[in-house]
Amino acid sequence: MAGPAAAPLFGRSAELAVVTGTLRGAGATGQGSGVLVVRGEAGSGKTRLAAEATASVGTEVDVLWGRATSGGAADPYRPLAEIALAALRRGASLSAPPLAPYLPSLARLVPTGVAVAPAGEGTALAVAEGLFLLLDHMTVSRPVAVVVDDAHWVDADTAAALEYLAFQIAGAPKLGMAMLVRADEPGPEAERMEAIVDHLVASRTAREVQLAPLSSDAIAALATAVAAGCVDRPDAADVPLPDRFVTAIARQTEGRPFLVEELVAAAADQGALRFDAGRWQVDDRLEPAVPRPWANAIGARLAALGPTEAQLLADAAVLGRTVDVAVLLAAGHAPAAIDVALDAGRRLRLLSADDADGALRFRHALTQEAIASAMLPHQRAEISSRLADAVVAAHPTPDVEWSGRCADLLHAAGRAEEAAGRMTDTARQLLDRGEPAAAVTWLDRARALGDDARTRTTADMLLVEALALSGDAERTRTIGYGLLRQLEAEGAPAAQTAPVRLHLARAGQATGLWREAATVLDRLLESVGPPGPEGENALAPWRERASALAALVALEEGDTATAEALAAPIAAAPSAAADARCEAYEVLGRAARTRDLDAAEQAFRRGLGVARDAGLAVWRARALHELGTIGQLDRLAVAGLEDARTAAIEAGAPGVLAAIELHLGAMHGVRFEPDRALETSQHAVELSERLGRAHQALFGHIVVAQAHAVAGRRTLVDRALEPVLSAAGDDPEVGAYAWGQCRALASIVAGDLDQATTELDLAAACVARGRAGTVSAGPYRGLWLLLDARRGDDPPAVDVPTAALRAAIDDEAARVAAITQGMSAFADAIRVGRSADPADAGRAGALVTAGLARFASLEGQPGYRSIGLLVVAECALADGWGEPDRWLLDAASFFETAGLDGASRLVRDLLRRAGVPERRRGRGTSTVPGALAAIGVTSREMDVLRLVAEGLTNKAIADRLYLSPRTVKTHVENLLAKTGSSSRTQLAGVLGRAEDA
């Protein structure tokens with residue numbers, strides 16, 4: 001059996017090794033190879049796993065398959081018959097003398113030419129013994145392993161035969177056995193087989209592999225592979241699916257690979273998932289349907305219930321994943337009927353008890369949906385209406401979960417106005433607990449349903465707040481200004497208009513419209529009036545929030561003194577609104593970050609403490625984001641930003657998430673990790689554009705361009721910058737980053753230092769043109785210092801004096817960054833080394849050592865360190881000081897493994913000038929076994945092969961070996977071709993055999 005056609009196996013490397021070892025072990029020793037049980041829930045990939053293992057052992061072992069079918073009693077011994085027939089096809093003989101007494105029993109499985117033995121006691125054991133002898137006789141010429149698929153469906157006789165066969169195979173040489181058993185199958189057959197399996201495992205006759213749900217990474221990889229196959233675009237397999245789609249698939253499938261494949265394929269077939277212009281496109285309203293095989297399986301189980309039990313389980317499914325007995329009682333179901341129905345649900349394995357609290361839940365989200373979706377629309381509407389009233393009766397003061405569930409039931413029942421009101425209540429609770437994105441979803445639904453003017457105004461008020469907190473600046477402004485005009489026309493008091501104005505100002509700040517934000521804040525402060533006793537309690541929080549946001553706007557405009565003056569008193573006032581204090585601490589930390597990282601970290605931690613104490617999830621994510629920038633500047637660390645990303649996702653704050661992913665993408669680029677940088681930055685661009693944050697999206701395109709730059713893709717750098725430069729005009733910060741962080745970096749890795757110097761001068765001119773403090777300090781500033789030292793007395797390529805450029809580039813904020821510190825030491829070394837005084841050569845070498853020490857504290861790949869050593873070595877070689885040959889060899893290692901051919905060529909030219917013999921490029925570190933060397937496997941391919949055998953993905957191998965995923969992919973393809981393998985699993989087998997030889 002070849003196994004089912006499917007996507008590559010993901011997330012099962014350890015389990016695959018065990019199954020493959022069992023099958024291959026049949027021929028590896030002179031003792032019994034053992035019996036293995038693979039147990040997992042429906043759709044967990046048992047058959048796929050065993051099929052992959054079967055393919056991996058190839059011609060080493062005869063693997064014979066037998067499969068049971070549902071209703072096994074009607075087709076007894078079927079899996080054993082399939083195994084026996086397969087054995088005969090592989091050359092087994094029924095004429096062996098030991099088989100003679102068992103031919104009548106074997107006649108139940110295959111034609112033997114003798115009469116079938118009568119049924120009766122001992123028949124199952126005789127059949128099993130006969131089959132065992134047949135298999136054992138086969139091992140004279142070849143080892144044999146058997147796989148029994150869907151063993152949970154076998155009848156009683158077959159179960160007894162399998163138990164006997166397992167005990168015999170466990171002690172037999174050159175024989176192996178694997179049984180695949182579903183863990184969630186109901187019925188007496190499954191329970192019987194479960195008991196047998198437990199006994200085999202407890203007696204150590206068999207080992208067991210439990211298939212757990214796939215990890216989130218494995219789900220993402222599998223979903224991407226399936227999607228690429230569905231659209232018939234192999235190149236799409238290297239492009240990750242959108243996070244929101246993968247999250248939805250993971251939630252629906254709960255880690256079962258079969259369901260992942262089914263749902264992704266259904267989305268592609270329906271056109272809801274498309275690959276266009278090099279990116280995956282997903283319909284926002286995509287709701288994965290229940291796969292037909294799953295729905296049929298659940299329907300078959302429900303058919304075993306009586307009408308009362310079926311109706312009660314239908315009510316429970318419409319109600320939700322967790323069974324709430326109180327609501328079912330309020331809906332009119334009798335206690336005894338509830339007990340009977342829930343017991344039946346557990347017996348049929350539709351329900352299970354939650355390990356945490358013992359509550360009954362549908363075993364799977366798709367189980368619940370399969371039951372609920374099987375009803376006709378009018379039936380579901382009637383049940384929903386009845387259950388909505390029951391929820392109100394059972395939970396008169398509902399929490400957010402029950403409020404939302406009640407809203408859904410009212411909507412399904414057609415009670416639109418009631419549903420809109422309940423949706424608004426749900427959104428209010430979500431905002432109170434800091435989940436604005438979830439609140440937006442409910443409020444959009446409420447606005448679409450409700451016609452009542454008061455309900456709509458209330459929903460709009462909450463929606464503007466939720467949109468602002470989640471970061472959707474465009475919709476905040478669209479809805480907010482319309483709502484503000486309505487409130488002003490109605491003569492609404494400041495207590496109503498103040499929140500709207502604050503959120504509008506925040507939207508302006510988020511989109512870079514700082515003058516607009518300041519104007520709105522001025523009007524807000526005017527409307528609430530100066531501090532005073534009258535109305536102080538009601539309006540003070542809005543005054544504090546407005547002042548804190550005004551501080552942030554001032555900081556964005558470069559007015560640090562005003563920003564700190566506005567923020568300091570709010571941060572220091574324990575009675576001030578918690579969100580205002582969080583923002584004030586953020587402003588103080590950002591201001592301090594340009595001069596003192598320790599002081600900045602202290603301010604951010606205080607803001608984090610306020611957010612935690614007040615339960616403000618969005619502000620917690622923002623504080624973690626700012627704390628992450630400390631590690632970013634000091635060590636190029638991304639762990640803090642990853643924590644912040646998780647917090648932003650949990651808070652449902654896409655605006656904060658977009659800003660964090662922008663920073664993450666930038667950091668991966670600075671760390672010379674182009675694939676990670678590209679993946680993260682493209683998502684940041686997508687989010688920013690969807691939220692109307694145009695200014696942020698521009699920098700997302702810059703980070704995309706930087707990712708292409710560190711990968712040596714100059715054409716793609718210019719293409720990524722096209723929308724940036726056309727939209728940004730003469731924005732000095734955009735220009736500085738486009739020229740310095742993208743184009744100059746691309747020229748450096750291409751080996752053109754002169755062109756890079758010109759481009760860095762253009763970046764420096766942009767910085768000089770901007771207002772002080774408004775152009776942030778990127779690593780390009782350190783590059784300018786380095787290449788400015790390299791050119792000596794030559795004038796800059798722009799009409800700005802060198803001293804002015806240096807003053808603009810080398811400011812206090814730039815000196816905080818680790819890369820600038822390291823590059824500055826290298827630049828000083830070049831200047832000192834250029835001196836004719838021999839004593840200065842030693843001082844120059846010490847400066848290089850100091851620069852290397854600073855770079856040694858950084859995380860990620862040594863890209864900037866290698867650039868620095870390249871330039872220092874070039875100058876040292878020309879001026880006769882230091883150890884240029886050692887520095888060049890150091891830099892060469894990075895540029896070669898990173899595949900940056902231009903910089904590698906420049907290094908080789910300099911090494912030849914230094915008289916260093918040229919070395920082979922791309923040499924690996926692994927010794928190649930003779931059998932593999934004979935077919936042309938190289939040392940570098942051997943490096944890759946060892947990591948493939950460990951189960952690593954191309955991306956993980958690339959990270960480990962400092963290669964690009966594209967290079968790893970080429971090595972894997974070469975290995976497959978040279979070894980004649982058809983899968984990564986078979987490659988692992990090739991390695992094992994080569995090392996055993």
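Two strands are taken to pair if DSSP finds at least two bridges between them, and on this basis the strands of the predicted model can be described through their partners. Strand 1, which covers residues 35-40, is joined to strand 4 by 6 bridges, and the two strands run parallel. Within this pairing, valine 37 stands opposite methionine 179 in strand 4. Strand 3, formed by residues 144-149, is likewise joined to strand 4, here through 5 bridges and again in the parallel sense. In that pairing, alanine 145 has glycine 176 of strand 4 as its bridge partner, while valine 148 stands opposite methionine 179 in strand 4. Methionine 179 therefore faces a residue in two strands, being opposite valine 37 and opposite valine 148, by the bridge criterion for paired strands.

Strand 3 also pairs with strand 2 (residues 62-67), with which it shares 6 bridges in the parallel sense, and leucine 64 stands opposite valine 146 of strand 3 in this arrangement. The connection from strand 3 to strand 4 involves helix 6, residues 156-170, and these three elements together make a right-handed β-α-β unit.

The burial of these strands was examined next. In strand 4, which comprises residues 175-182, 8 of the 8 residues are buried, so the strand is largely enclosed by the rest of the structure. Leu175, Met177, Met179 and Val181 point one way from strand 4, whereas Gly176, Ala178, Leu180 and Arg182 point the other way, and all of them are buried. Strand 3 is mostly covered as well, with 6 of its 6 residues buried. On one side of strand 3 lie Val144, Val146 and Val148, on the other Ala145, Val147 and Asp149, and both faces are covered, since every one of these residues is buried.

Helix 7 contains 15 residues (residues 188-202), which at 1.5 Å a residue should span 21 Å, and the distance of 21 Å between its end C-alpha atoms agrees with this expectation. Its buried residues include Ala190, Met193, Ile196, Val197 and Leu200. Seen down the axis of helix 7, the buried residues fall within an arc of 125 degrees, so they line one face of the helix. An α-helix has 3.6 residues a turn, so residues three or four places apart point the same way. The face of helix 7 turned away from the buried side carries Pro188 and Ala202, which are exposed.

Aromatic contacts were considered separately, and the structure holds 8 aromatic pairs. In one of them, the ring centres of phenylalanine 275 and tryptophan 280 are 4.9 Å apart and the ring planes stand at 65 degrees, so this pair is edge-to-face; both phenylalanine 275 and tryptophan 280 are buried. Elsewhere, Phe672, Tyr864, Phe894 and Phe895 form one aromatic cluster. Charged side chains also lie over tryptophan rings: arginine 405 lies over the face of tryptophan 402, at 4.1 Å from the ring centre, and arginine 743 lies over the face of tryptophan 739, at 4.7 Å from the ring centre.

How values were computed: Residues are numbered from 1 along each chain as its sequence is written. This is a predicted model: local features need pLDDT of at least 70, side-chain atom pairs count only at pLDDT 80 or more; totals for chains, interfaces and linings use all residues. Side-chain values use heavy atoms; hydrogens and water are left out. Rings of Phe, Tyr and Trp (its six-membered ring) pair if their centres lie within 6.5 Å; planes under 30 degrees apart count as stacked, over 60 as edge-to-face and the rest as tilted. Buried means under 20% relative accessible area, exposed over 50%, partly exposed in between (1.4 Å probe, protein chains only). A charge sits over a ring if NZ of Lys or CZ of Arg is within 6 Å of the ring centre and within 35 degrees of the ring normal. Helices (H or I, at least four residues) and strands (E, at least two) are DSSP runs, numbered from the N terminus. A crossover is right-handed if, with the strands pointing away from the viewer, the path from the first strand over the helix to the second runs clockwise. The expected span of a helix is 1.5 Å times one less than its number of residues. The arc is that of the directions from the helix axis to the C-beta atoms.
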